[in-house]
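Work through the exercises below with the coordinates open. Each task is followed by its solution.

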Amino acid sequence: MIRSGDGTTDPIQIKKGVLQGESASPNLFNIFIDGIVDELYSAPMLTGIKLHARIIHILLFADDMVLVAPTAATLQRKINIAKRFFKRRGLKVNLSKTKIVVFRKSGRIHKDDVFFFGNRRIDCVKEYTYLGAPFFSNGSFKLTAEHFKDRGLAVQGRVLNILNYAKSYDVTLSCKLFETMVRSTSLYAAEVWGFDQSDTLEKVQQSFFKRSLALPRNTPNYFLRLETGRLHTRYTVFKSMYRFWIKILGSSDGSLLMDSYMHLRSLEPSPTTSNWCSSFYSTLELLGSTDVWYSNNFALAKAKEGEIMHKLRLALRTEDLVSCMNSSTMPHYHNLKNPETLIEPYLKQRLPRYLASCMAQVRLGYPTLCNKGQWHKLGSWNGDPCRFCGLPESLLHLLEECAGYDCPRKKYLGEISSSCNVLDLLQGPNWIHVLRNVYFFLCDVLSTRPQP
Ligand SMILES: [Zn+2]
């Protein structure tokens, strides 16, 4: 019965299905459905998918059911067996939620991909969401990663709005909100599908921190990670894969998880396609830790986790520092970046947002500046000369050189002499004070420079 503000209704008889949320429902469902497994496995000459030591005809999880088969004809036979079973038990199948996915390299649907449930046709689709993750008919997780990237980006807007309420920039809070609200969405079950997809997933982190600091989209990714002390998303994905691996090794022999793993592990490595095991192995190889892979041992894998993750952290950070050393787009940055400093101190000082953002932009040294929500392109972006003196217009030109801006320079940056450059000053003992002046100077320059 239903209770409402006006009292309770008459009892309602449930004649179909099981009660939602009722503790007996899963068991009732399982008891009802269990017979289909026996029927499939006792059917003569019915081929399934071979995974290590077992043959799979059907996957059952809660009220989800997946029939798997190596050929179209076999799949149709299995559907027929299922149909007869449901009919005998008086169960109805919701055909609008029932789909066929044919996994093949091209991912295309062929015109002879035709399957029937009785006399009703079942739709063939290229994509199906199973247990919360979309699977695609080409067997690749590239589009799965795109799907979760978009999900992460959609959540990000709301989180950035929350952060915007705070007047000061707090990198610790930003990281925490990013990890709990954004990353948890974009890396949902990524230990299963995220191998080889971390460059796509990294875009979520890049976009989040670039937007929170008002940095241009084309800011090098390593700059953002080195400034904020973040690691490439590859780290998080690999860490969750490693935890998953420990879980697999700890599962019992003959479990579905173990059999799937042993099957993937036994496949010949191919130069063109990778699978979970080959991708996991290649990272271990990179870190010089293949011994733990060959041991295939639960206790050793667990004991080595800390050491291996530490090696990966170092490797990823070194990669970023090397990109910074070799950068032709921002050659000044390696002079600014102290490799010992994980998070740049100005991001931890709870500066007003506009100052933190100004500092990041000046350190980035790009010819694009965002001020009060407006983007300004400096001339060096497209080769335009300075609107005052005709020399190439760059950030340093405005800050240090151009005679056209002598007046605001004297007003705000009086202490910057020709012998001492702005970037040095920004790291000096008075940098918050200097930074405020640099900010006011840039506001003045951007609003008063002649229109082109
Ligand atoms: Zn000039």
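**Exercise 1.** Classify Arg350 as buried, partly exposed or exposed.

Solution. Count neighbours: Arg350 has 15 other C-beta atoms within 10 Å. Apply the cut-offs: 20 or more other C-beta atoms within 10 Å means buried, 12 or fewer exposed, and in between partly exposed, with C-beta atoms placed from the backbone. Arg350 is therefore partly exposed. Next, place the residue: Arg350 sits in the loop between α15 (345-348) and α16. Helices are DSSP runs of H or I with at least four residues, strands are runs of E with at least two, and both are numbered from the N terminus. Finally, check the backbone: phi of Arg350 is near 50°, a positive value in a residue other than glycine.

A note on the input. The model is predicted; local features need pLDDT of at least 70, side-chain atom pairs count only at pLDDT 80 or more, and totals for chains, interfaces and linings use all residues. Residues are numbered from 1 along each chain as its sequence is written.

**Exercise 2.** Repeat the analysis for Ala214 and Cys407, giving the exposure class of each.

Solution. Ala214 has 19 other C-beta atoms within 10 Å, so Ala214 is partly exposed. Its loop runs between α7 (198-212) and α8 (221-228). Ala214 is not a glycine, yet its phi is positive, about 50°. Cys407 has 11 such atoms within 10 Å, so Cys407 is exposed. Cys407 belongs to helix α18 (residues 406-412).

**Exercise 3.** Describe how helix α16 (residues 353-364) packs on helix α20 (residues 431-448).

Solution. Start with the axes, lines fitted to C-alpha atoms over the stretch in contact, with angles from 0 to 180 degrees between N-to-C directions. The two axes come within 10 Å and cross at roughly 80°. That makes α16 roughly perpendicular to α20 (65 to 115 degrees; under 35 is roughly parallel, over 145 roughly antiparallel, the rest oblique). Now list contacts, defined by C-beta atoms, placed from the backbone, within 7 Å. From α16, Tyr354, Leu355, Cys358, Met359 and Val362 meet Leu435, Arg436, Val438, Tyr439 and Leu442 in α20. Zoom in on Cys358: beyond its neighbours within four places in sequence, it contacts Leu435, Val438, Tyr439 and Leu442.

**Exercise 4.** Compare the radius of gyration of the protein with that of a compact globule of 452 residues.

Solution. The radius is taken over C-alpha atoms, and the globule rule is 2.2 Å times the number of residues to the power 0.38. The rule gives near 22 Å, but the protein has 30 Å. The C-alpha atoms fill a box of roughly 90 × 70 × 45 Å along the principal axes.

Note on methods. Two residues are in contact if their C-beta atoms, placed from the backbone, lie within 7 Å.
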